[in-house]
Amino acid sequence: MARTILSGIPVSTGIAIGKAFFVNRNSLAHLPRQTVADESVDEENARLALAFAQAEQELAAAAEKVPAELKEHRLIIESHLMMLKDPKLRSAAGKYITDMRLNAEWALEKALADLEKTFGALDDLYIRERMQDVRFVVGKVQSRLTGQDKDLRAIQGRVIIMAHDLTPADTVELDVNKILGFATVQGGKTSHTGIMARTLGIPAMVGVPDLESHVLEGDFVIIDGLAGKVVVDPDEDELTSYNELAAQFQDYSRRIIRECQLPAETIDGYRVQVLANIELLEEVAAVLDRGGEGIGLYRTEYSYLNRTDLPCEDELAEKYADLASIMSPRRVIFRTLDLGADKFIQSFGSLEEANPSMGLRAIRFCLRHPDLFRTQLRAICRASAYGNASIMFPMISGLKELRRAKALLRDVQDELKREKVSFNEDMPVGIMVELPSAVMIAEFLAEECDFFSIGTNDLIQYSMGIDRTNRHVSYLYQPLHPSVLRAIKHIIDAAHQAGIEVSLCGEVASDPFCVPIIMGMQVDSISLTPQAIPGIKRVIRQARMSDCRELLREVLACRTVGRVNRLVKDTIFKQFPEELTFFASLLDNEEHGG
């Protein structure tokens with residue numbers, strides 16, 4: 001029996017077996033916390049300033065070592081540099097030194113805690129995960145203050161990297177050929193560790209809270225990126241079992257990769273377009289290598305985060321044009337900014353909102369700040385000259401928002417015409433359907449846009465009235481709840497009745513239990529993480545549309561989510577027994593409350 005089995009979030013599938021190698025541990029857990037004498041306040045502030053300067057130098061040197069083909073890694077490091085240069089964090093720590101006579105380490109820890117209190121309460125998983133970048137920056141300064149800034153040791157042999165958190169600055173000097181897998185305490189599905197692991201195609205776990213206290217340097221460990229486990233010091237039987245599972249997974253992976261460029265077409269001839277969700281340009285290689293037929297959702301938020309200023313039009317246009325041209329002639333759907341005022345405190349001032357996720361965010365925020373919105377719209381229009389670009393507005397709740405957004409887009413296009421700037425005048429305009437209000441008037445919205453994209457993650461949360469990251473109610477996050485299924489079917493039917501295409505994105509699109517039901521509704525395309533594309537395409541190719549329609553008919557007759565889940569599991573297991581060994585499902589949540 002293993003000494004310990006830890007749980008976390010699997011962000012890159014597979015099995016890794018090897019020795020643990022720690023890149024960094026949580027230095028904040030052992031910080032000196034003490035007060036200083038009045039006459040030492042200036043000296044303590046000087047220590048803090050020196051540590052910030054040294055951390056800046058370290059990151060600047062790391063940025064210079066990033067190869068040109070990993071430009072996005074360099075941008076992440078540069079965003080960390082901008083955070084270090086932002087005077088607010090340093091000033092907040094300095095105030096604790098001056099006013100409360102705290103030593104520099106304790107003062108910086110308090111300043112970080114203040115930030116975490118502000119941003120940790122936000123009902124926005126993506127932004128909460130971006131706080132890890134702030135923690136990383138603070139950790140760099142703390143390591144200078146405490147003298148724990150040693151260089152990484154040369155790795156001997158192939159190892160599994162263990163860390164409190166990883167960023168491009170940590171990994172730029174690592175030899176990726178020696179890395180079997182990753183496991184970190186911090187992180188989420190959109191963290192750098194997950195993106196890097198998926199790009200490299202190696203197993204990874206994040207959000208493993210007890211990792212540092214239960215794993216020692218050199219311990220033999222197993223990263224189970226299928227079930228979300230870290231097995232520490234496995235016994236002989238466990239090792240044999242995992243070696244067999246790893247071999248099966250490698251064989252399965254090789255087969256689905258060989259087939260991944262084939263179209264996603266059922267045995268009886270129904271074709272579904274399979275697109276990818278990405279946020280960084282570096283993910284494009286994985287999209288193309290894994291058979292992605294385009295970008296169904298490009299999250300544009302990253303360019304606005306972790307910086308003290310707003311990106312200019314030229315900066316955005318260059319990035320968007322790069323993506324459009326690389327993917328051409330494949331389609332790229334640019335989702336406009338899906339952030340709120342709480343993320344732009346420096347530019348727009350503090351906004352007190354009890355529930356920011358239900359407040360001034362996404363299209364509401366953009367319409368409130370048309371100058372910011374116009375800058376992004378101009379950049380997307382300019383990029384449309386370099387490829388097959390579409391634009392999509394998030395969190396549309398009604399016709400008025402859609403019409404105002406389209407009016408701004410037309411104004412921007414008229415400006416570009418007068419300036420003789422090239423763009424695609426027929427660029428398709430779509431919306432995310434993710435609010436119950438939009439579901440109820442889907443037929444009206446469909447008459448005034450070119451396509452729908454169903455955002456299932458938010459649609460489920462808003463329909464069920466839950467935060468799926470809240471462990472007390474996460475069991476209610478049920479993608480096959482009868483109300484959710486009826487909402488999705490209504491959206492798809494409304495789109496087709498209006499003669500427009502409809503796509504579905506979110507974790508549902510990566511779930512082999514859910515995809516056959518969505519196919520039964522005759523969705524035109526699905527958009528998912530690049531890593532999941534080969535397996536889902538294989539599921540589609542082995543399915544029959546007639547079976548999908550029959551399963552949908554049976555599911556829609558069920559009145560409870562428990563009955564739906566049992567029916568779907570029994571049916572899909574019989575059809576795809578091999579695939580389901582290597583997929584985690586959203587249906588694994590407890591079946592309560594509906």
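## Why E11 is called covered, and other labels

Trainee: What makes both faces of strand E11 count as covered?

Mentor: Arg-331, Ile-333 and Arg-335 on one side are buried, and so are Val-332 and Phe-334 on the other. Buried means under 20% relative accessible area, exposed means over 50%, and partly exposed is in between (1.4 Å probe, protein chains only). Mind you, this is a predicted model: local features need pLDDT of at least 70, side-chain atom pairs count only at pLDDT 80 or more, and totals for chains, interfaces and linings use all residues. Residues are numbered from 1 along each chain as its sequence is written, and side-chain values use heavy atoms, with hydrogens and water left out.

Trainee: Why is residues 331-335 called a strand?

Mentor: Strands are DSSP runs of E with at least two residues, and helices are runs of H or I with at least four, both numbered from the N terminus. E11 has five residues, so that run clears the strand minimum. By these rules the protein comes to 23 helices and 16 strands.

Trainee: How do you know which strands E11 pairs with?

Mentor: Two strands pair if DSSP finds at least two bridges between them. E10 (residues 294-299) has four bridges to E11, so the two pair, and they run parallel. E12 (residues 388-393) is joined to E11 by five bridges, so that is a pair too, again parallel. For example, Tyr-298 has Phe-334 as its bridge partner in E11, while Ile-333 has Ser-390 in E12.

Trainee: What comes just before E11, in the loop after helix H11 (313-327)?

Mentor: Pro-329 is found there. The peptide bond from Ser-328 to Pro-329 is cis, with omega near 5°.

Trainee: Why is Arg-101 called partly exposed?

Mentor: Its relative accessible area is 27%, which falls between the two cut-offs, so partly exposed is the label. Arg-101 is found in the loop between helices H3 (87-100) and H4 (104-120), and its phi is near 60°, a positive value in a residue other than glycine.

Trainee: What puts Gln-522 in that class?

Mentor: Gln-522 has a relative accessible area of 34%, so partly exposed fits. Gln-522 lies in the loop between helix H20 (515-520) and strand E16 (525-528), with phi near 70°, a positive value in a residue other than glycine.

Trainee: How many of the protein's residues count as buried?

Mentor: Of the 594 residues, 57% do.
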